[in-house]
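Please look over the two chains shown here. The report below works through the model part by part.

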Amino acid sequence: MKKFYRSRHWLGSRRLTLLAAVLLFLVGLLVLGAKPEDLKPSEGGLRLAGKFLKAAVQPAFDYEAGDLPAAAPPFWEKVGHSLVLTLRYALVAMSMALFGGLVLGVLGSRSWWPVVNVSSPSGLVLLWILRSVRIVIRALATLARSVHELLWALLFITAVGTSPLAAVLAIALPYGGTLAKVFSELLDEQDAGAANVMRAGGAGSSAAFLIGVGVRAFPDLITYVLYRLECAVRSSAILGFMGIPTLGYHIATAYEDGHLREIWTYLYVLLIAVLVVDQWGALVRRRLSRPGPAREAGHVDDPVAELRRKRPRSLVLRASLVLAFGAVVVGWTTESRWQSELPAGQRQANLERFMREAIPHPVREADNDWGKLGPWLKERICPEGAVALHRTFHIGTIAILFAGCAALLAVPFAARSLATRNILEVPGGRERVRGLRAGIGCVLRAGALVMRSIPEYIIAFLLLQVLGPTIWPLVIALALHNGGILLRLGSEVIDNRSSRAAEVLVAQGATRSGIFTGSLLPESFNRFLLLLFYRWETCIREATVLGMLGVLSLGSLIDDANTRLFYDDMLLYVLLGALLVFAGDVVSDLLRLRLKGGLVRKGAVHLF
Amino acid sequence: MATVVQLTGAGVSFGGVRALRGVTLPVEEGEQVCVIGPSGSGKSTLLGLMNGRLIADSGSVEVFGQDLVQLTAGQLRQLRCGLAWVPQDLGLVPNLRVLQNVLCGKAGAVGFFGLLRRLALTRMEEAERVRDLLERLGIPEKLYERTDTLSGGQQQRVAIARALYQEPTAILADEPVASVDPGRARSLIELLTREARQEGITLIMSLHHVELAREFFPRLIGLQAGRVAFDEAAEEVSSEKLRELYSMGEE
């Protein structure tokens with residue numbers, strides 16, 4: 001019993017967590033030199049913001065410029081083409097990532113390990129090998145996703161030129177890593193009951209794994225893949241900022257030409273595309289987890305054929321399968337050339353030059369004497385690299401603290417079970433303003449949906465024009481996007497939780513905020529923290545590229561090095577960023593594991 | 001009559017705690033045996049020894065006359081094809097159809113690709129066979145339903161159908177009715193013992209419900225703190241003995 005009382009971990013302590021958050025926040029503001037007065041836009045910025053917002057209500061339906069070259073395609077053809085490219089690259093990249101993610105995800109999971117007889121020496125060796133394979137694969141997967149897709153694109157484009165292949169690979173690599181990691185986690189989280197029964201009945205390990213674990217995990221895997229597809233559409237769009245002609249490319253050029261109304265056209269198109277994928281994913285998820293009732297109930301006397309005819313079938317799932325498969329095939333086959341337009345010899349030469357110049361220049365000039373690396377490395381890292389690294393970390397951290405704080409404040413007004421007259425479905429009596437609660441909830445949820453649908457990079461790009469090159473556009477962009485995600489996930493936590501304590505409070509007449517702070521918040525605190533750490537890691541990852549927009553951090557160093565054609569510097573800073581993300585990933589994983597109550601089941605007997 | 005399971009002085013311990021000690025008992029072919037005893041007395045462990053999910057660290061466990069420790073992985077798999085297992089949590093795949101879950105009973109006998117073929121392209125005669133089994137268990141109309149849309153009691157029937165479809169020599173059932181109300185539990189036990197008797201399948205079950213055990217099983221084994229307290233015909237087990245079995249466990 002004593003142990004029970006002493007089992008309080010600092011992570012579970014709300015007071016300490018809040019204290020740490022406030023401290024990190026203040027230190028971050030200090031490090032970044034973020035001043036509140038910088039939040040006030042300049043007069044020019046204000047004017048631009050006004051014009052930009054005015055343009056929002058009248059997006060362009062045709063070219064804004066009057067003097068067009070005769071060869072220009074109709075406006076909508078241009079918009080449609082960039083949308084098609086955005087979707088095509090996203091789909092093709094996802095299909096590649098899915099393949100890699102499945103193979104690596106299975107290899108990286110524990111649940112397929114066959115009967116390992118731990119009592120025999122050879123069994124122990126086998127177990128040791130399997131463990132090492134798992135660790136190596138997980139490290140590789142984490143490494144692949146530590147480099148942001150924009151940076152992968154930058155590397156590929158500098159190495160072999162702008163091409164659809166570069167775009168697709170840039171997305172496929174990090175996404176494959178992410179899928180591998182999440183797949184192996186999902187597989188390991190499945191209840192092993194069915195697989196155990198099958199093995200106990202004489203089935204081989206592969207059959208037991210495929211049916212007992214794989215089939216069982218299928219809905220979870222599909223749900224995650226569809227979420228990643230939505231992310232891939234966003235990623236594909238922002239690759240435009242690297243010169244790939246997707247939606248982001250036209251947003252950037254329209255801005256350069258001062259065509260604000262055209263920007264909105266592309267933004268709305270992107271928003272609609274992301275929302276369609278998002279809603280489709282939600283529909284598939286619902287069908288997979290809660291199948292609809294059979295249209296016609298089977299009868300006890302029905303023969304097999306009759307029962308088969310009446311079997312419950314989901315049109316949505318079948319149509320989705322055909323649609324997804326068809327779209328991937330079309331995506332793969334309709335691209336006329338995957339390679340860049342440069343002749344093969346030129347591509348080869350470019351690649352060789354890149355490979356040569358990616359080697360640090362003192363080393364290169366001294367005939368690959370790697371002893372020269374030390375001084376060069378020191379010069380790059382102190383102080384410039386270290387400062388940029390530090391700033392990047394704090395940009396991500398401050399942003400996630402903002403986002404978490406805002407989401408926490410908004411959750412009681414956005415969660416479906418609270419933002420209604422009848423809190424937690426307990427009749428709440430008549431209210432003077434009917435439906436006001438539900439209305440506010442609806443607006444908040446819709447706002448969150450829009451915010452998480454627009455890529456951070458685009459929000460930051462637009463904000464920079466208004467606020468000028470301070471740290472704020474980056475922080476706000478990250479906070480808006482992640483706040484939207486956290487608000488949705490946080491509301492789901494509240495909605496899916498049945499809390500007796502909260503129901504008692506409702507019955508005793510407590511107010512909405514009283515119920516939230518008195519019971520729901522403390523009860524769900526660890527879950528919220530879990531979500532925060534999950535997004536923190538992705539925030540840091542995103543922060544490594546936002547600097548490319550021209551605010552001192554790792555991204556700006558990378559961009560600088562690229563424009564000056566210092567490929568060795570560029571690669572170094574990319575690696576530095578990867579290191580930061582890798583570290584963030586590992587720390588976040590450890591913290592989350594700890595929060596989940598330690599999923600590592602020590603001493604569990606491996607029976608099969 | 002052949003001996004299906006023979007435990008001789010078998011014992012198991014988990015991390016220094018002895019879960020089972022010196023258990024000696026034979027189970028003959030076609031017998032119906034029920035293992036009773038308070039929580040933690042070693043019922044699940046005893047069943048786990050019988051299909052080699054657990055390995056005895058003392059004594060020996062023979063199934064179909066073969067010592068489990070001596071078997072290679074392949075031989076163990078083959079032996080297990082003759083042993084069906086119905087655990088407390090049933091171990092069904094929730095998002096498969098009832099038909100497919102039942103077909104998984106033959107996973108050991110038909111091999112990996114045989115199973116995949118059966119799941120993806122079920123032949124008429126296979127579906128007929130499963131429907132017959134389900135009819136005997138009272139839920140033929142659920143053949144093509146998704147398993148997680150069935151009630152708890154119906155899912156238990158699916159698990160039993162899967163065990164029967166395996167055509168085993170023996171069924172090991174570990175508290176198969178722990179989570180249903182007494183009325184349902186009774187009809188399920190009745191069903192399982194009846195089917196096993198008809199097919200000549202040996203049935204070894206652990207149960208919480210002492211009354212059900214006495215009503216349906218000719219032979220009862222009382223376990224207490226990992227030891228066999230009694231092993232005799234149901235009519236010889238007095239209420240006195242049962243009280244003793246359960247009272248000691250609580251101290």
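The text covers the sheet of chain B, then the domains and helices of chain A, then the contact between the chains.

This is a predicted model.

**The sheet of chain B**

Chain B holds an open sheet of six strands. The strand order is β6-β7-β8-β3-β9-β10, and the pairing is mixed. β6(B) and β10(B) (227-233) stand at the edges. Each has a single partner strand, so one side of each lacks a neighbour in the sheet. From one strand to the next, the twist averages 15°.

The two edge pairings can be set side by side.

| Strand pair | Sense | Bridges | One bridge pair |
|---|---|---|---|
| β6(B) and β7(B) | parallel | four | Val86(B) opposite Ala173(B) |
| β9(B) and β10(B) | antiparallel | six | Arg219(B) with Ala233(B) |

In the first pair, β6(B) spans residues 83-86 and β7(B) spans residues 170-174. In the second, β9(B) covers residues 219-224. Ala233(B), the partner of Arg219(B), lies in β10(B).

Is edge strand β6(B) covered on one face or on both? Both faces are covered. Leu83(B) and Trp85(B) are buried on one side. Ala84(B) and Val86(B) are buried on the other. Val86(B) is also the residue that stands opposite Ala173(B) in β7(B).

A helix packs on this sheet: α7(B), residues 182-199. It touches β3(B) (32-36), β7(B) and β8(B) (202-206). The direction of α7(B) makes about 155° with that of β8(B).

**The domains of chain A**

The domain assignment splits chain A into discontinuous pieces. Domain 1 takes 29-53 + 363-595, and domain 2 takes 94-292 + 313-335. Their centres, taken over C-alpha atoms, are separated by 23 Å.

The two domains touch. 20 residues of domain 1 of chain A are in contact with 21 residues of domain 2 of chain A. Six helices each supply at least two residues of the domain 1 side: α3(A) (43-56), α17(A) (436-453), α18(A) (456-467), α21(A) (512-546), α22(A) (554-563) and α23(A) (567-595). Which of them gives the most? α23(A) does, with seven residues. By class, the domain 1 side has 13 nonpolar, four polar and three charged residues.

**Helices and a residue of chain A**

Helix α7(A) runs over residues 164-189 and has 26 residues. From its first C-alpha to its last it reaches 37 Å. That is close to the 38 Å expected at 1.5 Å a residue. Of its 26 residues, 21 are buried, so α7(A) is largely enclosed by the rest of the structure.

Arg318(A) sits in helix α13(A), residues 315-334. Is Arg318(A) buried or exposed? Arg318(A) has 10 other C-beta atoms within 10 Å. A residue with 12 or fewer counts as exposed, so Arg318(A) is exposed. Arg318(A) and Val284(A) are 34 residues apart in sequence. In space they are 9.9 Å apart, C-alpha to C-alpha.

**Where the chains meet**

How many residues of each chain take part in the contact between chain A and chain B? 31 residues of chain A are in contact with 38 residues of chain B. On the chain A side, α8(A) (193-200), α9(A) (205-238) and α12(A) (304-309) each supply at least two residues. The largest share, eight residues, comes from α9(A). The chain A side divides into 17 nonpolar, 10 polar and four charged residues.

Terms used: Residues numbered from 1 in each chain as written. Chains lettered and ligands numbered in written order. Predicted model: local features only at pLDDT ≥ 70, side-chain atom pairs only at ≥ 80, totals over all residues. Buried ≥ 20, exposed ≤ 12 C-beta atoms within 10 Å, placed from the backbone. Pairing = 2+ DSSP bridges. Expected span 1.5 Å × (residues − 1). Contact = placed C-beta atoms within 7 Å. Nonpolar A, V, L, I, M, F, W, Y, C, P; charged D, E, K, R; others polar. Domains from an automatic or database assignment. Axes fitted to C-alpha atoms, helices over the stretch in contact; angles between N-to-C directions.
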